[in-house]
Amino acid sequence: MLRIYNIPVSLDEKKESLGKIVSKYLGLPKNKIKDAFLFKASIDARDKNNIHFVYCIDIITDNETKVLKKFNKSKKKIVLVKDNKSYINKYKTLKTRPLVIGFGPAGMFAGLTLAKAGQNPIIIERGNDVDKRKEQVYNFWNNRILNVDSNVQFGEGGAGTFSDGKLNTGINDERCRQVLKEFVEAGAPKEILYLAKPHIGTDNLHEVVKNIRKKLLH
Ligand SMILES: Cc1cc2nc3c(=O)[nH]c(=O)nc-3n(C[C@H](O)[C@H](O)[C@H](O)COP(=O)(O)OP(=O)(O)OC[C@H]3O[C@@H](n4cnc5c(N)ncnc54)[C@H](O)[C@@H]3O)c2cc1C
């Protein structure tokens, strides 16, 4: 798969198919592009007379090396990517079941990674499941009754469960995409895969947390 960066897309062009946008940008015949996926999208509004989108698009084409070579000396940024890489190492089953403390984002993804590696993690969470937790949070907000183990900070989903689910990270690691894909599989909007500022939304977030728990239990 080839990843093409920094494609300027005018507000009108946005309605066109991704294949057509890439074909126009690279000057490749459209029938050479077997498939195209949006990897990232952002808006460039620095010049108010030229507000446009900036896309990064992945394409599947017959002869990737030939296309890469063709653009080798151009200023266009195109790289070869392998998107089917597995980050999970298969180890022998551990003698004892691994223990994960807490079902916040770190615990969730530790649990998922361990389960995918064929281990059988035990996950312990101090607070309640997200539905019960919601009642307890509202009980605090409305009646000032605090449950010290299950509240805005503690409980299934972790500390950000009552935020609006903006996905912030300070790192630039290729595995971040696996995290986004896992969220989408659990019911998050597909746009989080390509929007520059991905956002799940509070109501979706609660369902996503529940679905990740269900996935781990099966
Ligand atoms: C109000 C708020 C809003 C936020 N909004 C955002 C946002 O919009 N976007 C963003 O990217 N980040 C946001 N964050 C930050 C984000 O929530 C954290 O970075 C993230 O939750 C850290 O994940 P974690 O798994 O390391 O820890 P936590 O989420 O804190 O998870 C730890 C888990 O362990 C459990 N636990 C604690 N002690 C024990 C124990 N002794 N036994 C068993 N379980 C235990 C807790 O109940 C909790 O579920 C927000 C945080 C807060 C507090």
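Two strands pair if DSSP finds at least two bridges between them, and the legends below use the word in that sense for this predicted model.

**View 1. Strand 2 and strand 3, with the bridge partners A36 and I59.** The bridge partner of A36 is I59, which belongs to strand 3. Strand 3 covers residues 52-61 and runs antiparallel to strand 2, to which 10 bridges join it.

**View 2. The open sheet of four strands.** The pairing in this sheet is antiparallel, and the strands follow one another in the order 2-3-1-4. Strand 2 (33-44) and strand 4 (78-80) are the edge strands, each of them pairing on one side only. From one strand to the next, the twist averages 25 degrees.

**View 3. Helix 1 on the sheet.** Helix 1, formed by residues 18-26, packs on the sheet and touches strand 1 (2-9), strand 2 and strand 3. The direction of helix 1 makes about 85 degrees with that of strand 2.

**View 4. The two assigned domains.** The domain assignment of the protein gives domain 1 as residues 2-80 and domain 2 as residues 99-217. Taken over C-alpha atoms, the centres of domain 1 and domain 2 are separated by 34 Å.

**View 5. The shell around the ligand.** The ligand is surrounded by 22 residues, of which G102, G104, G158, G160 and S163 are the closest. Nine residues of this shell are nonpolar, 10 are polar and three are charged. Helix 3, which spans residues 105-116, gives the most to the shell, contributing three residues.

Definitions and conventions: Residues numbered from 1 in each chain as written. Predicted model: local features only at pLDDT ≥ 70, side-chain atom pairs only at ≥ 80, totals over all residues. Near = placed C-beta within 6 Å. Helix = DSSP H or I, 4+ residues; strand = E, 2+ residues; numbered from the N terminus. Nonpolar A, V, L, I, M, F, W, Y, C, P; charged D, E, K, R; others polar. Domains from an automatic or database assignment. Axes fitted to C-alpha atoms, helices over the stretch in contact; angles between N-to-C directions. Contact = placed C-beta atoms within 7 Å.
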